[in-house]
Amino acid sequence: MSKKICRFLNPGGGEASYGLIDGASVYPVPAVQIFSSSPAPVWSSEGIALASVKLLAPVAPSKIVCVGRNYKDHAAELGNPMPDAPLLFLKPPSAVAAHGDAIELPAVSSRVEHEGELGVVIGRRARRVGDNENPLDYVLGYTCVNDVTARDLQRLDVQFTRAKSFDTFCPVGPYIVTGLDPFDLQVETRVNGETRQRGRTAAMAFSVAYLIRYISHIMTLEPGDVISTGTPAGVGPLADGDVCEVEVENVGTLSNTVRASK
Ligand code: ZN
């Protein structure tokens, strides 16, 4: 059965808590149950109105591993060849923003762009996943990621770090959906309601399973880590006042406003 996992703050304040969403309610669940493979998370007795809580990013990752040029049409639109192996880079945990948070445009960039992507959330530690293992067994669930990028700075720098790492440049959410097959999901990005990007994960050069195994042979993937699997064609600029939405089929819609930094 598919579950919707979130992290939230109570209206009364206090610590961030994981929760399971059912209809219009959220049921708090200890993190240890979210990230244990057995038994399945147990519903706590008391639900809280979803509308009354502040949703946080659904995980607090130790790292966000991103994949560049994983869709041929996107590599082509930026004039890049397809890589022979996954092109990896990292976004720092400090870049994470929640559903509903503002993406801040840094003054140092004049071209900040959206990249809507399928996000994979790791459920248990993955280190050197073997050929006889199913990499998808390490997945907790799937979410939406906006790999916000200062395109002008990316072109100036050899490394992607500056262009990809400003605070708020990694909206994640609104929640994690479990029990999905990631092979052929639509990923769509809209700005002010207008569709800018629309692709299907079946077009990825390197599949979710391939990426997990490949990355796990480089670095240990910890529970809560996020892999952002690359963006389809149609990336474009964001401006002060825009509303940017990333929708992944059967997952949900991640919505963020955009504002110039003060
Ligand atoms: Zn990207």
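Two strands count as paired if DSSP finds at least two bridges between them. With that in hand, a good place to start in this predicted model is a small piece of sheet. Three strands line up in the order β13-β10-β18, forming an open sheet with antiparallel pairing. The edges belong to β13 and β18 (236-237), each of which pairs on one side only. Between β10 (residues 112-114) and β18 the antiparallel pairing runs over two bridges, and here Glu113 sits opposite Pro237 of β18.

Glu113 also turns up among the charged contacts. The model holds 18 salt bridges, and some of them join up: Glu113 belongs to a salt-bridge network together with Lys91, Arg111, Glu115, Asp147, Arg151 and Lys164. Within that group, Lys164 and Asp147 form a salt bridge whose closest N and O atoms are 2.9 Å apart. This pair links distant parts of the chain, with Lys164 in helix α4 (residues 161-164) and Asp147 in the loop between β12 (139-146) and β13 (149-150), 17 residues apart. Lys164 and Asp147 are both buried.

Another salt bridge, between Arg190 and Glu245, brings its closest N and O atoms to 3.2 Å. Arg190 is in strand β15 (residues 186-191) and Glu245 is in strand β19 (residues 243-248), so this contact ties together parts that lie 55 residues apart in sequence. Here too the partners are buried, Arg190 as well as Glu245.

The salt bridge between Asp157 and Arg162 has a different setting as far as solvent goes. Its closest N and O atoms are 2.9 Å apart. Asp157 has a relative accessible area of 23%, and because buried means under 20%, Asp157 falls into the partly exposed class. Arg162 is partly exposed as well, at 36% relative accessibility.

As for the loop between α3 (151-156) and α4, one of its residues is Gln159. The relative accessibility of Gln159 is 57%, and the cut-off for exposed is over 50%, so Gln159 counts as exposed. Gln159 and Glu133 are 26 residues apart along the chain, and their C-alpha atoms are separated by 33 Å.

Note on methods
Residues are numbered from 1 along each chain as its sequence is written. This is a predicted model: local features need pLDDT of at least 70, side-chain atom pairs count only at pLDDT 80 or more; totals for chains, interfaces and linings use all residues. Side-chain values use heavy atoms; hydrogens and water are left out. A salt bridge is a side-chain nitrogen of Lys or Arg within 4 Å of a carboxyl oxygen of Asp or Glu. Helices (H or I, at least four residues) and strands (E, at least two) are DSSP runs, numbered from the N terminus. Buried means under 20% relative accessible area, exposed over 50%, partly exposed in between (1.4 Å probe, protein chains only).
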